[in-house]
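Trainee: I should like to take a close look at one part of this protein. Please treat the aromatic rings and the nonpolar interior around them in one connected account.

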Amino acid sequence: MRTLGALSERAVQPQIVRKGSRTAVAFRATAAAEASTYANGLSPELVEKFREDGFLALPGFASKQQVAAMMQRANELVEQWDPDIEARRFSVFTTKEEQSHAKDAYFLDSASEINFFFEEKAFNQQGQLQTPKALAVNKIGHAMHDMDPVFSAFTRSQPVSAVLRSLGFQRPLPVQSMYIFKQPSIGGEVSPHQDSSFLYTDPMSCVGLWLALEDANRSNGCLWGLKGIHKQGLSRRFKRLPQGGVGFDGPAPDWSSLMPDFEPIECNAGTLVLLHGENVHYSAENTSPVSRHSWALHVVESAAPCVWAEDNWAHRRPEMPWTPIYDAASSSSSSSSAASR
């Protein structure tokens with residue numbers, strides 16, 4: 001989630017899927033997820049483990065075909081993208097505190113678009129791109145779950161819905177998604193953070209769904225999580241500022257004394273990691289020669305009493321509002337209303 005750099009208005013528009021196209025083939029492969037082991041949700045024991053630890057790995061959540069479809073689609077999007085390097089019309093992903101992206105329209109617009117963010121180390125000291133485009137992109141975000149058919153199919157698949165129902169969601173709203181490349185040798189560090197800092201509701205409800213598309217281990221920058229820390233609440237928020245732009249409302253917490261307690265979440269491709277919104281997690285820089293592709297989706301509760309904070313960084317354009325994955329709240333309300341007649 002942490003972000004960026006310069007200004008731009010360029011975005012990739014999703015293309016119509018036609019029968020026989022590479023994306024159509026990928027789309028059909030996505031349907032294989034319906035047969036997932038998790039199509040009926042999580043056991044009470046797994047739900048309790050998630051509530052207790054603040055994160056939970058679900059091996060084999062996505063099939064090999066589905067993983068391949070998502071990776072292929074991401075490659076297609078990068079191929080279609082023209083970063084317009086000379087005009088500096090792009091954004092750079094960074095987790096540093098200086099907030100150089102405070103007025104980055106490209107970042108803010110990404111809530112409604114499919115935008116691209118470079119690795120910090122993709123450029124030399126002269127500001128020139130020093131690696132091929134496909135190996136320089138840090139991530140794609142943040143509306144893939146609505147604007148691209150392959151990622152939308154995963155978002156709204158039966159296994160995802162079933163897992164969210166197990167966690168008690170009544171009207172889960174997918175508000176952010178990103179494809180993370182974690183490029184070999186230059187894949188940037190993501191410092192310790194809490195997802196609810198960026199996607200805040202009152203009361204808090206954010207859950208991250210992080211899907212490993214390649215094997216993730218310590219050498220190529222796997223996730224690290226801190227068990228039980230979510231019970232201590234939220235340290236700070238990242239939000240729109242009164243003077244314009246976005247930024248944190250407090251200093252960075254000092255997690256240094258707790259670093260020995262973080263656990264590596266090493267996992268195989270196809271594993272889905274659930275992350276409680278107040279869990280503290282990070283990933284180290286990838287200095288290995290092997291990439292670590294992943295896809296992350298973040299959902300919040302949109303049924304009462306949860307309320308989306310107006311000063312959150314992410315806002316959709318009026319013509320493309322967020323839509324829930326399912327709406328059990330309305331169904332329950334309708335059933336109750338009919339029963340009372």
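Which residue lies over the face of F248, and at what distance from the ring centre?

Mentor: The model is a predicted one. In it, R236 is the residue positioned over the face of F248, and the distance to the ring centre is 3.6 Å. Another arginine is placed in a comparable way with respect to a tyrosine: the charged end of R165 sits over the ring of Y326, 3.8 Å from its centre.

Rings also pair with one another. Across the whole structure, a search finds 17 aromatic pairs. One of them joins W81 and F116; the ring centres are 4.4 Å apart and the planes meet at 10°, so this pair is stacked, the cut-off being under 30 degrees. W81 belongs to the loop between α3 and β2, whereas F116 belongs to strand β3 (residues 114-118), so the pair ties together parts that are 35 residues apart in sequence. Both partners are withdrawn from the surface by the criterion of under 20% relative accessible area: W81 has 2% relative accessibility and therefore counts as buried, and F116, at 0%, counts as buried as well. Elsewhere, ring pairs link Y38, F61, F151, F154, Y179, F181 and W295 into a cluster.

Y179 leads from that cluster to the nonpolar interior. The largest nonpolar core has 66 residues, and Y179, L274 and W313 are those with the most contacts inside it. Helix α3 (residues 64-80) gives the most to this core, contributing 6 residues. A second, separate core holds 20 residues, among them W224, I265, C267 and Y282. In soluble globular proteins, nonpolar side chains tend to be buried together.

W313 deserves particular attention. Leaving aside residues up to four places away in sequence, W313 touches aromatic residues including F107, F198 and F238. Its contacts also include L108, A111, L199 and V246, together with S110, H142, Q176, K239 and R240.

The wider setting can be stated briefly. The protein has 341 residues, of which 54% count as buried, and its secondary structure comes to 8 helices and 16 strands. Among contacts with a separation of 6 or more, 86% are between residues 24 or more positions apart. The exposed area of the protein is about 14500 Å², and carbon and sulfur atoms supply 52% of it.

How values were computed: Residues numbered from 1 in each chain as written. Predicted model: local features only at pLDDT ≥ 70, side-chain atom pairs only at ≥ 80, totals over all residues. Heavy atoms only, no water. Core = buried A, V, L, I, M, F, W, Y, C linked by side-chain atoms within 4.5 Å. Buried < 20%, exposed > 50% of the residue type's maximum accessible area, 1.4 Å probe, protein only. Helix = DSSP H or I, 4+ residues; strand = E, 2+ residues; numbered from the N terminus. Contact = heavy atoms within 4.5 Å. Areas by Shrake-Rupley, 256 points an atom, 1.4 Å probe, with all protein chains shown as cover. Phe/Tyr/Trp six-rings, centres within 6.5 Å; stacked < 30°, edge-to-face > 60°. Lys NZ or Arg CZ within 6 Å of the ring centre and 35° of its normal.
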